[in-house]
Amino acid sequence: PASDPRDVVWDNVGADRRIVDSKTAVAGTALAFGVAFWGAVVAFVQKIPGWMTPDAREYGHPVARLWILFARSCLPVITSEGLTKIIPLLLEKTGRHYIRFKTRSENDRFVFLWHFLFRLMQLILIIFSDGLFGFVTRDLHASPVQALGSLATAMNEQSQYFVNYLILSTSFETLIELAQGGSMVRHWIVHRVVTMEAKSRRALNKLNTAPSLQYGDIMPLFIYPFMISMVYHVTVPVVSLFSALFFYVAAKVYAHQALLICAQKYEGGGQHMYMLHRLVLTTLYVALVVLSLSLVLAHDGAAAPAAAFCGVAGPLVLFVDLRVRA
């Protein structure tokens, strides 16, 4: 069937399908390498604020100590998330202008898939970054058994970063979305910096147009806390509490936005739901592997606890997966 006219990208309607497919393959290959390196870049950058700020115990002034604690806890999250926010914008431009997808829903699915993969790799590398570095450079040569315990401890210590991420996402990111911070900034620039007389009537009408929910940008932001919760719900249960709080607040905010603020310019016929199902199940499988590895490391290489856990959770996830597919 023909696509909804609102879904069609009319500038790309004349693009040859074979060229679109070949460019999709080229972009996918380049992005696969980007996924491998991007997680390492974010894992490195999120540690820079901690390296640059001194220990708060060295300062007696309460304000100085408060600022140092803020820098050590919040700045790594803000820095890494600021970098990661660039990814959906680059993916959207790649799909629209390089690959030249003919429909907006195709472009959304492309952004959704690769945004999820970037987030997944970021999660894995942040979890293992500290532990693997010490494991390879120091602990492995001293005592292999002790090195496994140190690696498991380092993985659990990284949960503090994810707790800070969930707190900031719940309190700051959802409030920015609720207040439409981006629209407020654009209106302020037009009214106070550029002035309305310098803008065309079309630009002013576009400025006052209701925004739409970009599924490729938003849905990975919900899957990411779910991934964090699945990885740490056994070893660091407090993470699940902050994850539940995030979902409670975010559900209220985004339901309000979808019903009262945003207006979808097009509909993709539910295409995103099939991919959402596959990615959520992929998240569960990856979480099982990471959690099993954590249990093995925590018990000095003993595989019995991990085998018992996978023996119960693995078949259950597989059963749900096969039932949904059927």
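Here are a few short exercises on this predicted model, each with a worked solution.

**Exercise 1. Getting a feel for confidence**

Find out which helix has the lowest mean pLDDT among the elements of the chain, and which has the highest.

*Solution.* Start with the whole chain: its average pLDDT is 78, and 79% of the residues score at least 70. Now go through the elements. Helix α2 (residues 48-52) sits at the bottom with a mean of 60, while helix α5 (residues 86-99) tops the list with 90. Keep one rule of thumb in mind: where pLDDT is low, don't read the predicted coordinates in detail.

**Exercise 2. Sorting ring pairs**

Work out how the pairs Tyr 161–Phe 162 and Phe 162–Tyr 232 should be classed.

*Solution.* Two things describe a pair of aromatic rings: the distance between the centres and the angle between the planes. The count for this model comes to eight aromatic pairs. Take Tyr 161 and Phe 162: their ring centres are 5.2 Å apart and their planes meet at 80°, so this pair is edge-to-face. Both Tyr 161 and Phe 162 are buried. Next, Phe 162 and Tyr 232 have centres 5.8 Å apart and planes at 45°, so that pair is tilted. Phe 162 belongs to helix α8 (residues 159-179) and Tyr 232 to helix α11 (residues 215-232), so the pair ties together parts 70 residues apart in sequence.

**Exercise 3. Buried, partly exposed or exposed?**

Place Phe 162, Tyr 232, Ala 179 and Trp 188 in the right class.

*Solution.* You need two cut-offs: buried means under 20% relative accessible area, and exposed means over 50%. Phe 162 has 0%, so it's buried. Tyr 232 has 2%, so it's buried too. Ala 179, found in helix α8, comes in at 41% and therefore counts as partly exposed. Trp 188 reaches 54%, so it's exposed.

**Exercise 4. What surrounds Trp 188?**

Say which helix holds Trp 188 and which residues form a nonpolar surface patch with it.

*Solution.* First, the helix: Trp 188 lies in α9, residues 181-194. Then the patch: Trp 188 is joined by Val 185, Ile 189, Val 193 and Val 194, and together they have about 460 Å² of accessible area.

**Exercise 5. Charges over rings**

Find which rings lie under Lys 23 and Arg 119.

*Solution.* Lys 23 lies over the face of Tyr 98, 5.2 Å from the ring centre. Arg 119 lies over the face of Tyr 224, at 5.0 Å from that ring's centre.

Conventions
Residues are numbered from 1 along each chain as its sequence is written. This is a predicted model: local features need pLDDT of at least 70, side-chain atom pairs count only at pLDDT 80 or more; totals for chains, interfaces and linings use all residues. Side-chain values use heavy atoms; hydrogens and water are left out. Patches are made of residues with over 30% relative accessible area and no salt bridge: like charges are joined within 9 Å, nonpolar side chains (Val, Leu, Ile, Met, Phe, Trp, Tyr) within 5 Å. Accessible areas come from the Shrake-Rupley method with a 1.4 Å probe; for residues, only the protein chains shown count as cover. A salt bridge is a side-chain nitrogen of Lys or Arg within 4 Å of a carboxyl oxygen of Asp or Glu. Helices (H or I, at least four residues) and strands (E, at least two) are DSSP runs, numbered from the N terminus. Buried means under 20% relative accessible area, exposed over 50%, partly exposed in between (1.4 Å probe, protein chains only). Rings of Phe, Tyr and Trp (its six-membered ring) pair if their centres lie within 6.5 Å; planes under 30 degrees apart count as stacked, over 60 as edge-to-face and the rest as tilted. A charge sits over a ring if NZ of Lys or CZ of Arg is within 6 Å of the ring centre and within 35 degrees of the ring normal. pLDDT is the predictor's confidence in each residue, from 0 to 100.
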